[in-house]
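Me: I have a predicted model open and want a close look at one part of it. Start from a single residue, then work outward to what surrounds it in the fold. Keep the sentences short.

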Amino acid sequence: MQFDSRIEAVAVCRTPYKQKFGIPRQPGLVDFVRGYVELVPPYNHIDAVRGLEQYSHLWLLFCFHENLAQGWKTTVRPPRLGGNEKLGVFATRSTFRPNGIGQSVVKLHAVQQQKGKVVLEISGMDLLDGTPIIDIKPYIPFSDAIPDAVGGIAQQAPEQVNVSFTAAADAQIANISAQYPGLKQLIIAVLAQDPRPAYKKAKDDPKRYQVALYDLDIFWYATPSGIEVVELQPAP
Ligand code: SAM
């Protein structure tokens, strides 16, 4: 069914997550990391967010812009099911969906006006840096929070794994700690989610993995006891 729609970005989200792999799979899983929602013209007017500071949390509606070119599928294989079972796209939070729209609840810390820009400081987001935001709404607990809701295949947050560092990686982090405060904590929180696809977790996995945080590439291996970070490099 066609209808007359005009959807465009009202803001862009700035986050430390520079590539899709490694981003938490839902909001709140890495809850302390700060991000910024920068309103874009003609919406970057402080009046457009007047009153928003009264709320602790926001709904962000956004576009999975990096996946749009790949279209959508009727069924998908959720990572939680090990990639073996298919569910309908509308029964999942798949990023490959008609219209490519995602939604996340995030914590709101501040509404700021900086050099002519209106910026919302947030945390807990699961968004790629540069994600176009198509709407912003206050989270309303009496209606949006449903304590006895049933969560299907995702009733609980996924289990976390242990994250360790080689002495060399620890030394690298210590050397750049003034430039990147909280980096180690961020790496631990991101990798504790074990971003690998489920089928990789089921067997020995010798692959050297990489996640991109800020302008750094973080290299790591899966070990029998969790994940070990071995090296950091500036992103190319
Ligand atoms: N909470 C949202 C939802 O339910 O609609 C997103 C859930 S989705 C499973 C989260 C994943 O989307 C992240 O782990 C990341 O890999 C991916 N992602 C985040 N921002 C994206 C973007 N702009 N384009 C494509 N994929 C993105």
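Is Glu85 buried or exposed, and how many other C-beta atoms lie within 10 Å?

Reply: Glu85 is exposed, because it has 12 other C-beta atoms within 10 Å. The cut-offs are these: buried means 20 or more other C-beta atoms within 10 Å of a residue's own, exposed means 12 or fewer, and partly exposed lies in between, with C-beta atoms placed from the backbone.

Two notes on the model first. Residue numbers start from 1 along each chain as its sequence is written. The model is predicted, so local features need pLDDT of at least 70 and side-chain atom pairs count only at pLDDT 80 or more, while totals for chains, interfaces and linings use all residues.

Now the setting of Glu85. The residue lies in the loop between β4 (75-76) and β5. Strands here are DSSP runs (E, at least two residues), helices are H or I runs of at least four, and both are numbered from the N terminus. Thr75 is 10 residues from Glu85 in sequence, and their C-alpha atoms are 9.6 Å apart.

β5 covers residues 87-88, and the loop between β5 and β6 holds Asn99. Asn99 has a positive phi of about 75°, although it is not a glycine. Most residues other than glycine have a negative phi, and most peptide bonds are trans. Asn99 is exposed, since 11 other C-beta atoms lie within 10 Å.

The chain then enters strand β6 (residues 101-114), which gives the most to the shell around the ligand, with 3 residues. In total, 19 residues surround the ligand (C-beta atom, placed from the backbone, within 6 Å of it). The closest are Ile23, Glu66, Arg93, Gly102 and Leu128. By class, this shell has 6 nonpolar, 8 polar and 5 charged residues. Nonpolar means Ala, Val, Leu, Ile, Met, Phe, Trp, Tyr, Cys or Pro; charged means Asp, Glu, Lys or Arg; the others, Gly among them, are polar.

After β6 comes another positive phi. Lys115 lies in the loop between β6 and β7. Its phi is near 45°, in a residue other than glycine. Lys115 counts as exposed, because it has 5 C-beta neighbours inside 10 Å.

Next is Gly130, in the loop between β7 (117-123) and β8 (131-138). Gly130 has 13 C-beta neighbours inside 10 Å, so it counts as partly exposed. Its C-alpha atom is 21 Å from that of Pro98, which is 32 residues away along the chain.

Strand β8 includes Pro138. Pro138 is partly exposed, because 15 other C-beta atoms lie within 10 Å. Leaving aside neighbours within four places in sequence, Pro138 contacts Leu52, Tyr55 and Leu58 (C-beta atoms, placed from the backbone, within 7 Å). The C-alpha atoms of Pro138 and Tyr55 are 6.3 Å apart, though 83 residues separate them along the chain.

Two more local points. The peptide bond from Pro41 to Pro42 is cis, with omega near 0°. Pro42 is in the loop between β2 (34-39) and β3 (57-63). Ile7 lies in the segment before β1 (11-14). Ile7 is exposed, because 12 other C-beta atoms lie within 10 Å. The C-alpha atoms of Ile7 and Asp135 are 9.4 Å apart, with their positions 128 residues apart along the chain.

Now the wider frame. An unreviewed UniProt entry annotates residues 7-148 as "domain: TsaA-like". UniProt positions follow the numbering used here, feature names are shortened, and annotations may be inferred rather than shown by experiment. Over residues 7-148 the chain is 3% helix and 35% strand.

The domain assignment gives domain 1 (11-144) and domain 2 (163-234); such bounds come from an automatic or database assignment. The domain centres, taken over C-alpha atoms, are 24 Å apart. Contact between them involves 13 residues of domain 1 and 13 residues of domain 2. On the domain 1 side, that is 8 nonpolar, 4 polar and 1 charged residues.

The largest nonpolar core has 37 residues, and Val37, Ile133 and Ile218 touch the most other members. A core is a set of buried Ala, Val, Leu, Ile, Met, Phe, Trp, Tyr and Cys residues joined through C-beta atoms within 7 Å. This core draws at least three residues from each of domain 1 and domain 2. Not counting residues up to four places away in sequence, Ile218 touches Ile187, Gln210, Val211, Leu213, Val229 and Leu232.

Key: Two residues are in contact if their C-beta atoms, placed from the backbone, lie within 7 Å.
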